[in-house]
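Hello,

Here is the structure I promised to pass on to you. Please open it alongside this message, and then read on for what turned up in it.

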Amino acid sequence: MDRLPTEGLSPLASRVDEVLARYGYEIGPAIDAIDAAVSGYGGLFDPGTGDGEIRTAVEAVLAADPPAEERGSWGSDDGAAVLYVDGSARGNRGPAGAGAVLRTDGEQAVRLGRPVGMAGNNVAEYAALHMGLEALAARCDPAAVEVRIDSRTVIDDVWGAGDGVASAAPYRPAIRERVAALSACEWTHLADSDPNPADARAAVGADIAALGP
């Protein structure tokens with residue numbers, strides 16, 4: 001996957017995002033690679049790991065050979081996929097992250113997360129859907145996709161007659177193009193009480209967006 005749009009990331013958070021992009025935004029393997037490069041027993045989110053140590057580890061990961069572009073394809077023309085998406089922002093405009101979990105045939109296939117930057121929750125929700133759809137296009141070709149999402153703003157904009165939000169402009173055209181290219185793409189609105197496995201990945205993305213300088 002190509003690197004996805006961000007806004008207002010610190011130089012350090014931006015470099016971490018580059019690592020995530022290298023791993024197709026599969027957040028677990030990307031963070032594992034950074035943690036393995038941190039000296040001692042710390043890791044990316046260890047309170048004792050300083051910005052300088054994170055920067056050194058990230059540069060080491062980026063200097064190493066990239067991982068295999070695709071760790072095996074999954075999904076098929078005959079199957080269906082479920083895409084969970086969620087965005088997280090600390091404040092109306094603050095460190096924001098996007099998360100997505102894509103499942104095929106009932107299996108948890110891929111878990112994605114990334115920092116969006118300094119943004120509001122609505123933008124983070126669009127970024128999450130964009131990331132999930134890009135991963136879907138890169139990794140499988142299902143007969144049908146069900147998007148499970150808790151943002152009525154995004155639902156009304158992408159599948160309805162809503163106007164959305166102006167700040168979602170970097171994501172809206174690509175989302176509509178990806179949705180139009182699918183044979184079938186329906187949505188399910190998640191209530192706040194419904195489990196959403198993408199939520200934790202979006203929170204980690206927001207944590208990364210808060211890194212700096």
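V158 is part of helix α5, which covers residues 152–158. In this predicted model, V158 counts as buried because its relative accessible area is 15%, and the cut-off for buried is under 20%. Setting aside neighbours within four places in sequence, V158 is in contact with L129, I175 and V179. R176 is 18 residues from V158 in sequence, yet the two C-alpha atoms are 6.6 Å apart in space.

L129, one of those contacts of V158, leads on to the nonpolar interior. The largest nonpolar core has 60 residues, and I34, L83 and L129 touch the most other members. Helix α4, residues 121–139, gives the most to this core, with 10 residues. Nonpolar side chains tend to be buried together in soluble globular proteins. If you would like one residue to start from, try L83: leaving out residues up to four places away in sequence, L83 touches A100, V101, L102, L129, G132, L133, V145, E146, V147 and R148. Another core lies apart from the largest one; it has 5 residues, including V82, V101, L190 and A198.

Helix α4 also holds a charged residue, E125. Is E125 buried or exposed? E125 is buried, because its relative accessible area is 2%. Not counting residues up to four places away in sequence, E125 touches D86, G87, I149, D150, S151 and V154. R3 is 122 residues away from E125 along the chain, and their C-alpha atoms are separated by 17 Å.

Next, the helix packing. Two packed helices are described by the angle between their axes and the distance between the axes. Helix α2 (residues 27–37) and helix α3 (residues 51–63) pack at about 115°, and their axes are 8 Å apart. Their crossing is right-handed. On the α2 side the contact involves A33, I34 and A37, which meet A57, V58, A60 and V61 of α3. By class, that contact has 7 nonpolar residues, with no polar and no charged ones.

Helix α3 packs with α1 (residues 11–22) as well, at an angle of about 30° and with the axes 10 Å apart. Here the crossing is left-handed. From α1 come L12, R15, V16, E18, V19 and R22, and from α3 come D51, I54, R55, V58, E59, V61 and L62. This contact of α1 with α3 has 7 nonpolar and 6 charged residues, and no polar ones.

While you are looking at α2, have a look at D35, which lies in that helix. D35 is partly exposed, because its relative accessibility is 26%, which falls between the 20% limit for buried and the 50% limit for exposed. Leaving aside residues up to four places away in sequence, D35 touches G42, G43 and L44. The C-alpha atoms of D35 and I54 are separated by 8.7 Å, with their positions 19 residues apart along the chain.

Two points concern the backbone. Most residues other than glycine have a negative phi, and most peptide bonds are trans. Y25 has a positive phi, near 65°, and is not a glycine. You will find Y25 in the loop between α1 and α2, where Y25 counts as buried because its relative accessibility is 0%. The other point is a cis peptide bond, with omega about 5°, that joins G212 and P213. P213 sits in the segment after α7, the helix of residues 198–209.

Last come the cysteines. A disulfide is a covalent bond between the sulfur atoms of two cysteines. How many disulfides does the count give? The count comes to 0. C140 is in no disulfide, as its nearest cysteine sulfur, that of C185, is 12 Å away. A disulfide needs the two sulfur atoms within 2.5 Å. C185 is likewise in no disulfide, and the nearest cysteine sulfur to C185 is that of C140. C140 is buried because its relative accessibility is 11%, and C185 is buried because its relative accessible area is 14%.

I hope this helps you find your way around.

Best wishes

Terms used: Residues numbered from 1 in each chain as written. Predicted model: local features only at pLDDT ≥ 70, side-chain atom pairs only at ≥ 80, totals over all residues. Heavy atoms only, no water. Axes fitted to C-alpha atoms, helices over the stretch in contact; angles between N-to-C directions. Helix = DSSP H or I, 4+ residues; strand = E, 2+ residues; numbered from the N terminus. Left-handed = near helix turned anticlockwise from the far one by under 90°. Contact = heavy atoms within 4.5 Å. Core = buried A, V, L, I, M, F, W, Y, C linked by side-chain atoms within 4.5 Å. Buried < 20%, exposed > 50% of the residue type's maximum accessible area, 1.4 Å probe, protein only.
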